[in-house]
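Here is a protein model to explore at your own pace. Have a look at it first, and then we'll walk through some of its parts together.

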Amino acid sequence: MNEAVKNAELRDKIAQDYEWGFVSDVEQEFAPKGLSEDTIRFISAKKNEPEWMLDWRLKAYRAWLEMEEVSWAKLDIPEIDYQNAYYYAAPKAKPKLASLDELDPEIRRTYEKLGIPIEEQKVLAGVEGAAKVAVDAVFDSVSVATTFREELKKAGVIFLSISEAIREQPELVKKYLGSVVPQRDNYFACLNSAVFSDGTFVYVPEGVRCPMELSTYFRINAENTGQFERTLIVADKGSYVSYLEGCTAPMRDENQLHAAVVEIFAHEAAEVKYSTVQNWYPGDKEGRGGIFNFVTKRALCSGDRSKVSWTQVETGSAITWKYPSCILKGDGSVGEFYSVALTNNRQQADTGTKMIHIGANTRSTIVSKGISAGKSNNTYRGLVRVLPRAENVRNFTQCDSLLLGSDCGAHTVPYIEVKNPTATIEHEATTSKISEDQLFYAMSRGLDQEAAVALIVNGFAREVLKQLPMEFAVEAQKLLGISLEGSVG
Amino acid sequence: MLEITNLHATVADKPILNGVSLNVPAGEVHAIMGPNGSGKSTLAYVLAGRPGYEVSEGGAAFDGHDLLAMEPHERAAAGLFLGFQYPVEIPGISYLQFLRESLNSQRRARGEAELSAGEFIKLAREQAQLLDMDAEMLKRPVNVGFSGGEKKRAEMVQMGILAPKFAILDETDSGLDIDALRIVGDGINRIMRAPDKGVLLITHYERLLEHVRPDRVHVLQAGRITRSGDIDLARELESTGYAEAAA
């Protein structure tokens, strides 16, 4: 049966059931439409959460009711009716899987369509000798398969869905959840705190180098389902972890709200590398039906000499609002932000970073590559703040924009606030159009126009793409090409 | 192999080519000489399909096919190569990646099997070596930070790798020192001197022709071929200049 039809039937069923109480009915797949304390109680009950978690959510919800949507971004955001969305949708409850073979073939086919690298598919299929990449698959808000848990366990790394972590590691979650992104940080983070559906929890103990790249694939499956992922990564003293997150979504008719929160807590001399390839459905050529992506990502470099590196390739979503940031509190801590943001057709992106230098000798690097095509608008917005007691801070910022065609926009909005005279801050920015010389040169060697554009754009984004782990970089390169199809000519 | 018939072309509505007719049979190298602004580069661009170069009259056939009806990349796949007077920089993309994608794209279009990464690197190394170029340079971004001479030599390495049927070389000799000129000349002979291949060599100077020894030499002036001859014509031009040759 067609998935949409199936979902519609489920919804109808739930709508009927709603009247006589859904809160404790674990068989139900959807929370009813709309947002209320009951919705939050439903989500919490659905996940068998302890009382403290429900209280935390309710506190956030009450705070959210008093907040207002942000309006400072260079984005044209249609009014969102929060009462006309679903806040929880789960695939049918199934027992935990030992391997991917036991996974629903429908879901496996989706993985294939998403173009998950063959190596990872092998890993998932349990092929011997395949590279070790743990995939915690998040489907419609609930983790349905988790691999390599045993090996990670041996290293002492905790890699769980956030729901599991709330049940199994309550002390760690209590300690760190909201410690980097407080509930009231902003409208969307607060909403997420109230209704987050699932996500990932990672804890790397002192001195441990995580033995594999951790990766999570997200996908919105159910029509009209808001996605509220919550990710919490804690790297204890001297540890290292590299985390990959990639996502894509199928065609949709109605706008979908996506408000994720990612928190990273780095202790002394810990290093976290967080890579994202974001390919949410951008809408059709007129911008209809794309995802609204309002994401709060922040890292706290709490300990001395800690380091957090954000790398993102943003090609999807109708609207992107996202500023992966670093609070450089520990002395000598390092923050990095490498970003490629590509917009086409009617897409809008307002993305960048915040580097908050609190500790002495802290360093930050920002490399942002914006690519605009079609009638899209692409804004880099970045803050570099040096607090009075932060001695000898260094920052280097490079912002390059590439325009394809003459109907798109590229904007750069740097904010630099320096309260300590010993800081060295550098900012470079360029804007250029894709050159006809380059296009013709590449085409004269045998590349068709789309391949030539993809090649030149990939070259432009190279500095950022090379920060990605190999298999992710290949995927990202393809994505840039696919996202620009039909944008020139 | 390449038949150009009464070709007229404009750039930004300005007529540049005013009826060029030229026939380069397989197995021959033809040189085109001429003063600045005579339309030499325009001829090369029109043949390679550069946007903005409008053909207003006449035509060009390549191996019996209507060359002007093809897209630039289709011309490349059909076996046409343009050596650029000013090779273009593509930051962030290595020569190896650029040429492997180009070659495999051509091969796909011709229904041939693509080269694997290993096969391609072997081929690229060989060709670099034959042109006395450090193969390590192929790891650098396309033409970025290359000297004028290095860029021209790299164009010849590209020609060696892509192995075209027909090459249009637009002032490949400019910017080369005497040693490089010999190496490039040898390269053209090695890669393109074959019974089933052809070359249209655009140059200002006679020096390269002493290495390559064209079968025919044509003089292009004001968008028309005004004289044709053998290499002696080139030598004559070198001593007398174009003004007298036209008279």
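What follows is a short tour of a predicted model, going from chain A to chain B.

## Chain A in outline

Let's start with the overall make-up of chain A. It has 13 helices and 21 strands. Of its 489 residues, 55% are buried. Now think about who touches whom along the chain: if you take the contacts in chain A between residues at least 6 apart in sequence, 81% of them join residues at least 24 apart.

## The nonpolar core

Next, look inside. The largest nonpolar core has 188 residues, and the members that touch the most others include A:Val202, A:Ile264, A:Ala299 and A:Val457. Which residues does A:Val457 touch, leaving out those up to four places away in sequence? They are A:Ile371, A:Leu402, A:Leu480 and A:Leu484.

## A covered strand

Strand 9 of chain A, residues 261-266, is a good one to zoom in on: 6 of its 6 residues are buried. In a regular strand, side chains alternate between the two faces of the sheet. Here, A:Val261, A:Glu263 and A:Phe265 sit on one side, while A:Val262, A:Ile264 and A:Ala266 sit on the other, and all of these are buried. In other words, both faces of strand 9 of chain A are covered.

Strands of a sheet pair through backbone hydrogen bonds, and they can do so in a parallel or an antiparallel way. Which way does strand 9 of chain A run with strand 6 (residues 229-235) of chain A, parallel or antiparallel? The two pair in the parallel sense, over 6 bridges. As an example, A:Leu232 has A:Glu263 in strand 9 of chain A as its bridge partner. Strand 9 of chain A also runs parallel to strand 11 (residues 291-301) of chain A, and 6 bridges join them. There you can find A:Ile264 standing opposite A:Ala299. Both of those residues came up earlier, among the core members that touch the most others.

## The small sheet in chain B

Now hop over to chain B. It has an open sheet of 4 strands in the order 2-1-4-5, with antiparallel pairing. The edge strands are strand 2 (14-24) and strand 5 (65-66) of chain B, and each pairs on one side only. Strand 1 (residues 2-11) of chain B is joined to strand 2 of chain B over 8 bridges, in the antiparallel sense. One partnership to look up is B:Leu2 with B:Val24 in strand 2 of chain B.

## Two unusual alanines

Most residues other than glycine have a negative phi. A:Ala269 goes the other way, with a positive phi near 60°. You'll find A:Ala269 in the loop between strand 9 and strand 10 (271-279) of chain A. B:Ala12 has a positive phi too, of about 50°, and its place is the loop between strand 1 and strand 2 of chain B.

Is each of them buried or exposed? A:Ala269 is buried, because 21 other C-beta atoms lie within 10 Å and the cut-off is 20 or more. B:Ala12 is exposed, because it has 8 other C-beta atoms within 10 Å and the cut-off is 12 or fewer.

## Where the chains meet

Last stop: the contact between the chains. Here 21 residues of chain B are in contact with 19 residues of chain A. On the chain B side, the elements giving two or more residues are helix 2 (72-77), strand 7 (90-94) and helix 3 (95-109) of chain B. Helix 3 of chain B gives the most, with 5 residues. By type, this side of chain B divides into 14 nonpolar, 5 polar and 2 charged residues.

How values were computed: Residues are numbered from 1 along each chain as its sequence is written. Chains are lettered from A and ligands numbered from 1 in the order in which they are written. This is a predicted model: local features need pLDDT of at least 70, side-chain atom pairs count only at pLDDT 80 or more; totals for chains, interfaces and linings use all residues. A nonpolar core is a set of buried Ala, Val, Leu, Ile, Met, Phe, Trp, Tyr and Cys residues joined through C-beta atoms within 7 Å. Two residues are in contact if their C-beta atoms, placed from the backbone, lie within 7 Å. Ala, Val, Leu, Ile, Met, Phe, Trp, Tyr, Cys and Pro count as nonpolar, Asp, Glu, Lys and Arg as charged, and the others, Gly among them, as polar. Two strands pair if DSSP finds at least two bridges between them.
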